[in-house]
Amino acid sequence: MSTPFKFVKPQVAFVNAPFSHGQPKRGTETGPVQLIKHGLAQQVETLGLSVDAIEDHSGFSVLENDTDIGKLKYPRTVSAATEKVYQEVKKHAQAGKLPVTLGGDHSLAMGTISGSLSAHPELCVVWVDAHADLNTPETTETGNLHGCPLSFLLGIAGDIPEFSWIKSQLHPSRLVYIGLRDVDDGEKRLLKEHNITAYSMHHVDKWGIGRVVEMALNDVNPDGTRPVHLSFDVDAMDPSVAPSTGTPVRGGLTFREGHYICEALHQTGLLVAVDLMEVNPTLEDERAVKQTVSVGCSLVRSALGETLL
């Protein structure tokens, strides 16, 4: 039987976010519908949770004349999409439900985490990803905003009026990474400058995933009293496990390591929101897509209470 959630009702609200303009490869906008078609909502209901809503956006408009701001690409389009997701997540979070946002690219975390913070200001974030997504408008090498959401959430991105809707800030001491293995030099500097805790795949190799998760939770939530938002990019998994994603990096989490993270976070009873991002069904063959979608569904189920016994 699932551990009761301490901060939310046993009600899941899916927020489908078919958006891809935070990065250069189209296709992530088709991820959410594939996850739902795979039966994710019905699978969640078998865990004893009610699926209260499936917010199914048909798509996000690409704004006309959306010229670059400095190096940032599609800044107004990304801002509008992430603010829309913010409003959806905020609505469900403030109603005491557990929002599960299906992406879409990881720029959407600006909206999901802002929405969680609106209802849970003491929130901490467990960010599972191959990439730090911490670049600022100055440090980004590509200008792709899926590599920048945390700089905006932490309030270190600088003053960009187009993103002024982001009000709530995440304190650096309440962010922890698991699974990093492709981090830009500018991000490495920012991690050190802001004293942000990060566990790379080196740490997973050294200590094992159980110890890493234990340390990560102790770092951001030592008393076990803060709500937890899990933001999971499928590229945290090794490409042999989840191949259909836009920025795969070899040497990632195994199937069991990824699921252990989700299982352990569920067991705390502290989860209040889950993101599953960067599933891109257009990049691989049918077998690889089915494998990635299946893994994505099982990660969500594990975070919501599925166990091996």
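Visitor: Let's start with Arg301: is this residue buried or exposed?

Guide: Arg301 is buried, at 17% relative accessible area, where buried means under 20%. Keep in mind that this is a predicted model.

Visitor: Which residue forms a salt bridge with Arg301?

Guide: The general idea comes first: side chains of opposite charge can pair when their charged atoms come close. Here the partner is Glu306, with the closest N and O atoms 3.0 Å apart. Glu306 is partly exposed, at a relative accessible area of 27%.

Visitor: How many salt bridges does the structure hold?

Guide: There are 7 salt bridges. One of them joins the side chains of Arg76 and Asp66, at 2.8 Å from N to O. Arg76 belongs to helix H3 and Asp66 to the loop between strand E2 (50-56) and H3, so this pair ties together parts 10 residues apart in sequence. Asp66 is buried, with 11% relative accessible area, while Arg76 is partly exposed at 26%.

Visitor: Where do Arg211 and Glu214 lie?

Guide: Both are in helix H8 (residues 209-220), 3 residues apart, about one turn of the helix. Their side chains meet in a salt bridge of 3.5 Å, N to O, and Arg211 is partly exposed at 39% relative accessibility.

Visitor: Back to H3: at what angle does helix H3 cross helix H4?

Guide: For a helix pair, look at the axes, then the handedness, then the residues. The axes of H3 (residues 75-94) and H4 (residues 109-119) cross at roughly 30 degrees and come within 7 Å. The crossing is right-handed. Among the contact residues are Val78, Val85 and Val89 of H3, and Met110, Gly111 and Gly115 of H4. The contact residues comprise 7 nonpolar, 8 polar and 1 charged.

How values were computed. Residues numbered from 1 in each chain as written. Predicted model: local features only at pLDDT ≥ 70, side-chain atom pairs only at ≥ 80, totals over all residues. Heavy atoms only, no water. Axes fitted to C-alpha atoms, helices over the stretch in contact; angles between N-to-C directions. Helix = DSSP H or I, 4+ residues; strand = E, 2+ residues; numbered from the N terminus. Left-handed = near helix turned anticlockwise from the far one by under 90°. Contact = heavy atoms within 4.5 Å. Nonpolar A, V, L, I, M, F, W, Y, C, P; charged D, E, K, R; others polar. Salt bridge = Lys/Arg side-chain N within 4 Å of Asp/Glu carboxyl O. Buried < 20%, exposed > 50% of the residue type's maximum accessible area, 1.4 Å probe, protein only.
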